[in-house]
Structure formats: C-alpha cells, structure tokens
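Visitor: Could you walk me through this model and explain the words you use for it?
Guide: Gladly, let us look together.

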Amino acid sequence: MSEQSIIEVKDLVQKAGRQVVLNGISFTAAKGECLGVFGLSGTGKTSLLHILAGVDRFTSGTVEVLGCNVRKQQDFKKHMGLVTQERSLFQDLNAGENLDFMASIKGVDPRDIDRVVTQVELKEYLHQPVSKMDLGVYQRLALACALLGKPQLLIADELISNFDIYSSHIIVREIRQFMADGGTVILGFSIIELCDLMTRVAWLDKEQINIFTPPAARQHWDSLVQAISQTSGDNDV
C-alpha cells in the first residue's frame with residue numbers, strides 16, 4: 001500500500017446468496033480526497049461502503065484501509081468516522097446524550113464534543129430528542145458523532161439528501177474542511193448534482209465500477225437521461 005493511498009481495493013467480489021453484487025472491482029482512494037461512490041438503489045453502493053468500514057464481510061478479493069487488511073485487522077476503525085444510511089443513533093436519547101455516549105465508546109476526551117457541536121452548529125439542539133429531529137439536523141448530529149476524535153477517514157452513505165438548505169450548507173462546508181485538513185472522505189450518493197463536491201466519482205452499475213472526473217460523471221448521467229428520453233419518445237410514437 002502506497003504512502004498516499006488510504007484505501008486500496010483489488011478484485012473485490014461480493015455475493016448475496018447466489019446473486020453477485022460486486023464483481024471483481026478495484027480502485028484506490030488517496031489522502032485528502034473525496035471519492036464519491038455513486039449508485040442508484042440495488043447497485044451495491046451500501047454494500048461497498050459497509051465493506052470498506054469493516055461492517056460486512058466479503059466473498060473474495062483484498063481490501064486495505066489505513067494500512068490494515070480488513071479481513072485480519074480492525075485497528076483502522078479507531079481512525080475512521082462512519083455515517084450509515086440507516087438511522088443508527090439512539091432514538092430514545094437526545095443529541096447531547098448521543099454525543100456523550102459516542103465519545104465514551106471512542107475513548108475521546110469529552111471536551112472534543114464542544115468542538116464538533118460548534119462545527120456543525122448543534123448547540124441549540126443538544127436537549128432535543130433524536131426521534132423528533134428534522135432530517136437535516138439529524139444528519140448534522142450523525143456527522144458530529146463521526147468527527148469525534150478527529151478521524152483520518154470519513155465514510156458516509158447518503159449524508160446529504162433533500163433536506164433543508166442550511167443543513168446541506170453546513171455539511172458540505174465541514175466535508176471540505178475535513179479534506180483541507182488532510183482527511184479522506186468516501187461519500188456514497190445518488191443525487192448527481194453532488195458531483196461537484198467530489199474529487200473523483202466511482203460509478204457503480206451492473207456489478208462493476210468506473211472512475212470518472214466529476215464533469216465526466218455529469219456528462220455520463222446526461223447521456224443516460226437523454227437515451228432514456230429518446231427511447232420513451234420512440235415508444236410513444
């Protein structure tokens with residue numbers, strides 16, 4: 001694994017029963033970049049992110065994260081922040097209690113909570129139950145929990161969605177700052193307009209992965225949309 005590579009994936013195969021989800025994919029992610037993993041429902045995006053985070057086992061291939069073979073070592077998790085697509089925070093606790101609990105699990109100095117609360121502007125929500133939070137605020141809290149302890153790697157699945165503009169602004173700002181500080185981001189997304197946030201786009205489709213620049217990814221999307229529109233038009237005729 002090269003000094004600049006944070007993640008190296010080679011010939012990764014993942015199966016769910018007899019169904020092939022990922023078929024021999026390979027890619028790397030470098031220090032300080034935001035690699036966007038683009039995939040619509042059923043393309044294996046969440047499966048890939050869970051493998052990178054050491055949450056799911058995989059069928060074959062090699063995956064190295066922060067110098068660790070994820071099949072054999074778990075040390076990389078101490079330097080990783082994770083935001084899952086599912087609501088994984090404790091719904092019966094308020095925001096402050098979730099942060100306290102995550103800090104204790106990570107062995108983080110409780111004073112670090114103040115830092116992440118300030119970063120994502122959560123102070124007024126600390127006593128609000130998570131179950132009553134708007135989605136944008138919830139995602140800011142999930143990001144704050146992931147950033148506790150100043151991780152080197154952030155893996156997030158659908159962190160930015162169709163919620164309030166202010167929360168989106170805060171999350172994008174903090175992702176950019178995280179990268180500027182040398183952190184690496186793996187960001188699963190399905191809204192093509194988010195391409196501009198990425199350094200590169202890993203496009204998942206038909207069990208394979210293709211790496212695009214953000215402009216090339218947008219162009220590829222536009223071509224797909226145009227092809228579908230033309231096909232629909234032909235059928236209408």
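**Cores and helices**

Guide: This is a predicted model. Leu-187 touches Cys-34, Leu-35, Gly-36, Val-37, Ala-156, Leu-159, Ile-175, Leu-197 and Met-198, leaving aside residues up to four places away in sequence.

Visitor: What makes these residues count as touching Leu-187?
Guide: Contact means heavy atoms within 4.5 Å, and each residue on that list meets this mark with Leu-187.

Visitor: Which residues have the most contacts inside the largest nonpolar core?
Guide: They are Leu-99, Leu-141, Leu-159, Ile-175 and Leu-187, in a core of 50 residues. Helix α4 (135-147) is among the elements that give two or more residues to this core, and its share of nine residues is the largest. A second, separate core has 30 residues, including Ile-6, Val-9, Ile-25 and Leu-49.

Visitor: Why is helix α1 called largely enclosed by the rest of the structure?
Guide: Buried means under 20% relative accessible area. Six of the eight residues of α1 (residues 45-52) are buried, so the helix is largely enclosed. The six are Lys-45, Leu-48, Leu-49, His-50, Ile-51 and Leu-52.

Visitor: Why are α2 and α3 called oblique to each other?
Guide: Their axes cross at roughly 130 degrees. Angles over 145 count as roughly antiparallel and 65 to 115 as roughly perpendicular, with oblique for the rest once those under 35 are set aside as roughly parallel. The angle of roughly 130 degrees fits neither range, so α2 and α3 are oblique.

Visitor: Which residues meet there?
Guide: Leu-99, Asp-100 and Ala-103 in α2 meet Ile-113, Val-116 and Val-117 in α3. Five residues of this contact are nonpolar, none is polar and one is charged.

Definitions and conventions: Residues numbered from 1 in each chain as written. Predicted model: local features only at pLDDT ≥ 70, side-chain atom pairs only at ≥ 80, totals over all residues. Heavy atoms only, no water. Buried < 20%, exposed > 50% of the residue type's maximum accessible area, 1.4 Å probe, protein only. Helix = DSSP H or I, 4+ residues; strand = E, 2+ residues; numbered from the N terminus. Axes fitted to C-alpha atoms, helices over the stretch in contact; angles between N-to-C directions. Nonpolar A, V, L, I, M, F, W, Y, C, P; charged D, E, K, R; others polar. Core = buried A, V, L, I, M, F, W, Y, C linked by side-chain atoms within 4.5 Å.
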